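Reader: I'm new to this one. Could you take me through it, a few residues at a time?

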Amino acid sequence: MDINSCSLGQGLVYEDMLPLNWRKLEARHTPLELAHLQENNEEVLRVIGVIDEYLSESGEEHAPLSQETLRVETKLNLLITLVGQLITLHYPQPPTKPVKLSACDIEWVADDVARVGDYGIVELYLSPRCQRPLVFPGTVVKMDELAGGHCIGMNFGELGDLIQERLEKIIFRHHRRSIALARRRASNDPLS
C-alpha cells in the first residue's frame, strides 16, 4: 500500500503514519454539531501548536539557566509521555495508516472501502503528545484501488479560517523539521 500514488492539491502536505479512523455517516451534521466540532479542532490544534512551539524552541541556548531549564523541561516531557501512555491504555487509538494531510483535505491508505460522495468523519491523532483527535467532517472525493488496499481522499468542506491557519502552521513546521532532519542525516552520512 503506497501513499505516494495518492495525490493532494497544491501546497505543503503533512505526510506520516498516523492513527486514523474513518466513519461513514448517514446524515450530515447540523450547524450546531459542526460548531462543536470546530471548537474541538481549534482546541486540539492550539494544544499541538503550543507543544510544537515548545519543541522548536527547547533546543536553543537562551541563558546561563538553560541547563536547569532543560533538565526541568526533560522531566516535564517524560511526565507528559507517561500520562499519554496511560491514556492510550484506557482509550486506545485506531491503527496507524499512511496519511497525507493538507489544510483542506486528507488522503489515507486503508483496507476500508468508501464511495465517492460518501459523507463521514475522520478522527486523526496528529500528535503523539496530544491524545485528543482532530475530527473532520467531509465528503469522499477520491477512491482509488491500490495493491493491498485503497487510497481514500476526503475534502473537509468548510473548516473555518482559524482552523485552516493553524493546520497550515503545523504542516509547515512538520515540513521544516523533515527538511532539517534530512540535512542532518546527509551531513552525518560518511558516503556523502
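**Side chains, contacts and confidence**

Reader: Let's start somewhere. What is the relative accessible area of Arg23?
Author: Arg23 has a relative accessible area of 40%, so it is partly exposed. Buried means under 20% relative accessible area, exposed over 50%, and partly exposed in between, with a 1.4 Å probe and protein chains only.

Reader: Before I go on, what kind of model is this?
Author: It is a predicted model, where local features need pLDDT of at least 70 and side-chain atom pairs count only at pLDDT 80 or more, while totals for chains, interfaces and linings use all residues. Residues are numbered from 1 along each chain as its sequence is written, and side-chain values use heavy atoms, leaving out hydrogens and water.

Reader: Back to Arg23. Which side chain does it meet in a salt bridge?
Author: Glu123, at 3.8 Å from N to O. The two come from distant parts of the chain: Arg23 is in strand E1 (residues 14–24) and Glu123 in strand E4, 100 residues apart. A salt bridge is a side-chain nitrogen of Lys or Arg within 4 Å of a carboxyl oxygen of Asp or Glu.

Reader: How many salt bridges does that rule give?
Author: The count comes to 6 salt bridges. One of them joins the side chains of Asp118 and Arg115, at 4.0 Å from N to O.

Reader: Are Asp118 and Arg115 buried or exposed?
Author: They differ. Asp118 has 9% relative accessibility, so it counts as buried. Arg115 is at 55%, so it counts as exposed.

Reader: And Lys142, where is that?
Author: Lys142 is in strand E5, which covers residues 134–146. Its relative accessible area is 15%, which means it is buried.

Reader: Which residue does Lys142 form a salt bridge with?
Author: Asp144, with the closest N and O atoms 3.6 Å apart. Asp144 has 33% relative accessibility, so it counts as partly exposed. Elsewhere, Lys24, Arg115 and Asp118 are joined into one network by salt bridges that share partners.

Reader: What does the Lys142 side chain have a polar contact with?
Author: With the side chain of Glu107, at 3.4 Å. A polar contact is a pair of N or O atoms within 3.5 Å; within protein, one must be able to donate a hydrogen and the other to accept it, and residues adjacent in sequence count only if both atoms are side-chain atoms.

Reader: You keep naming strands. How many helices and strands are there?
Author: The chain has 3 helices and 6 strands, in the order β-α-α-β-β-β-β-β-α from the N terminus on. Helices (H or I, at least four residues) and strands (E, at least two) are DSSP runs, numbered from the N terminus.

Reader: Pick a helix. What does Glu42 touch?
Author: Glu42 lies in helix H1, residues 31–58. Leaving aside residues up to four places away in sequence, Glu42 touches Leu162, Ile163 and Arg166, where contact means heavy atoms within 4.5 Å. Glu42 has a relative accessible area of 25%, so it is partly exposed. Between Glu42 and Gly160 there are 9.5 Å in space, C-alpha to C-alpha, although they are 118 residues apart in sequence.

Reader: What share of contacts links residues 24 or more positions apart?
Author: Among contacts with a separation of 6 or more, 74% are between residues 24 or more positions apart.

Reader: New topic. Which residues make the nonpolar surface patch of about 350 Å²?
Author: Leu76, Leu79, Ile80 and Val83. Leu79 is in helix H2, residues 66–90. Patches are made of residues with over 30% relative accessible area and no salt bridge: like charges are joined within 9 Å, nonpolar side chains (Val, Leu, Ile, Met, Phe, Trp, Tyr) within 5 Å. Accessible areas come from the Shrake-Rupley method with a 1.4 Å probe, and for residues only the protein chains shown count as cover.

Reader: Where is confidence lowest and where is it highest?
Author: Among the chain's elements, H2 has the lowest mean, 73, and strand E4 (residues 119–124) the highest, 96. Residues 1–6 have pLDDT below 50, yet in the model this stretch has 23 contacts beyond near neighbours in sequence. pLDDT is the predictor's confidence in each residue, from 0 to 100.

Reader: And what is the mean for the chain?
Author: The mean pLDDT is 83, with 84% of the residues reaching 70 or more.
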